[in-house]
Amino acid sequence: MFLFDLLLYEIKKIREHNTPNKDRDYPISHQILNYINQHLFDDISLDNLAKKFFISKTTLIRIIKNSTGSTPWNYITIKRLNCAKTMLENGHSPNEVCFSCGYKDYSSFFRAYKNHFGKSPSDTSGISYNTKEDIDTFIAALKKAIMMLE
C-alpha cells in the first residue's frame with residue numbers, strides 16, 4: 001500500500017509540473033504590455049514596472065523595444081496621444097482630455113500632441129467655432145433644441 005501511495009504522489013507532482021501555468025506560458029512582453037495598457041492613464045514609471053515584473057530597467061526597456069519597436073516611454077506616449085485624439089474627435093474639451101489621458105499639466109500635453117500630430121489639440125476637437133458663421137450656426141441649433149424641449 002505504501003508503494004502505491006508513493007506512486008500516486010509522484011504522478012500528482014508530475015501532473016502539476018506539466019500543467020500549463022498561464023503566466024509562465026504567456027511571454028513576459030505580453031504581460032508587460034497588457035499591464036501598461038490597463039494602467040495607461042496611471043502614473044507609470046520604469047522603476048515601478050521593473051519592480052512589478054522582477055526585472056531590471058535595462059531588461060524592461062529591451063523587452064518593450066523588441067516587442068513594439070520603441071522605448072517604453074514612447075510607447076506609452078503614443079498610446080495616450082492616440083486616445084486623446086479619439087476623445088477630442090468625440091467632442092471632449094482639450095483640457096478635459098489632457099488630464100483624462102494621464103498628463104499632469106496642459107503644456108506638456110499640448111507640446112506632445114503638437115509634436116506627434118502636427119496640430120494643436122483644439123484644432124483636432126470635434127467642435128470648432130473659428131468663424132462668426134460657425135458660432136451663429138451653433139446658436140441656431142441650440143435655440144432649436146431649446147424650443148423642442150418646451
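# Exercises on a predicted all-helix model

The axes of helix H3 (residues 28-38) and helix H5 (residues 57-68) come within 10 Å and cross at roughly 90 degrees. The model is predicted, and the exercises below start from this helix pair.

**Exercise 1.** Classify the mutual orientation of H3 and H5, and describe the residues of their contact.

*Solution.* Step 1: two packed helices are described by the angle between their axes and the distance between the axes. Step 2: for H3 and H5 the crossing angle is roughly 90 degrees. Step 3: angles of 65 to 115 degrees count as roughly perpendicular, and H3 and H5 are therefore roughly perpendicular to each other. Step 4: on the H3 side, the contact consists of Ile28, Ser29, Ile32, Leu33 and Ile36; on the H5 side, Leu60, Ile63, Ile64, Ser67 and Thr68 take part. Step 5: sorted by type, the contact of H3 with H5 has seven nonpolar residues, three polar and no charged.

**Exercise 2.** Which residues make up the largest nonpolar core, and which helices each supply at least two of them?

*Solution.* Step 1: the largest nonpolar core has twelve residues, namely Ile32, Leu33, Ile36, Leu40, Ile44, Leu49, Phe53, Leu60, Ile63, Ile64, Tyr75 and Ile76. Step 2: at least two residues of this core come from each of H3, H5 and H6. Step 3: apart from this core lies another, of eleven residues, including Val97, Tyr103, Ala112 and Tyr113. Step 4: one member of the largest core, Phe53, touches Ile28, Gln31, Ile32 and Tyr35, leaving aside residues up to four places away in sequence.

**Exercise 3.** Two loop residues are to be compared: are Phe54 and Ser70 buried or exposed?

*Solution.* Step 1: Phe54 is in the loop between helix H4 (46-52) and H5. Its relative accessibility is 76%, so Phe54 counts as exposed. Step 2: the backbone of Phe54 has phi near 55 degrees, a positive value in a residue other than glycine. Step 3: Ser70 is in the loop between H5 and helix H6 (72-89). Because its relative accessibility is 16%, Ser70 counts as buried. Step 4: Ser70 touches Ile64, Lys65 and Tyr75, not counting residues up to four places away in sequence.

**Exercise 4.** Summarise the whole protein chain: how many helices and strands are there, and what percentage of the residues count as buried?

*Solution.* Step 1: the protein chain has ten helices and zero strands. Step 2: 24% of its 150 residues count as buried. Step 3: the exposed area is about 10900 Å², of which carbon and sulfur atoms supply 57%. Step 4: among contacts with a separation of 6 or more, 47% join residues 24 or more positions apart.

Key: Residues are numbered from 1 along each chain as its sequence is written. This is a predicted model: local features need pLDDT of at least 70, side-chain atom pairs count only at pLDDT 80 or more; totals for chains, interfaces and linings use all residues. Side-chain values use heavy atoms; hydrogens and water are left out. Axes are lines fitted to C-alpha atoms, for helices over the stretch in contact, and angles run from 0 to 180 degrees between N-to-C directions. Helices (H or I, at least four residues) and strands (E, at least two) are DSSP runs, numbered from the N terminus. Angles under 35 degrees count as roughly parallel, over 145 as roughly antiparallel, 65 to 115 as roughly perpendicular and the rest as oblique. Contact means heavy atoms within 4.5 Å. Ala, Val, Leu, Ile, Met, Phe, Trp, Tyr, Cys and Pro count as nonpolar, Asp, Glu, Lys and Arg as charged, and the others, Gly among them, as polar. Buried means under 20% relative accessible area, exposed over 50%, partly exposed in between (1.4 Å probe, protein chains only). Accessible areas come from the Shrake-Rupley method with a 1.4 Å probe; for residues, only the protein chains shown count as cover. A nonpolar core is a set of buried Ala, Val, Leu, Ile, Met, Phe, Trp, Tyr and Cys residues joined through side-chain atoms within 4.5 Å.
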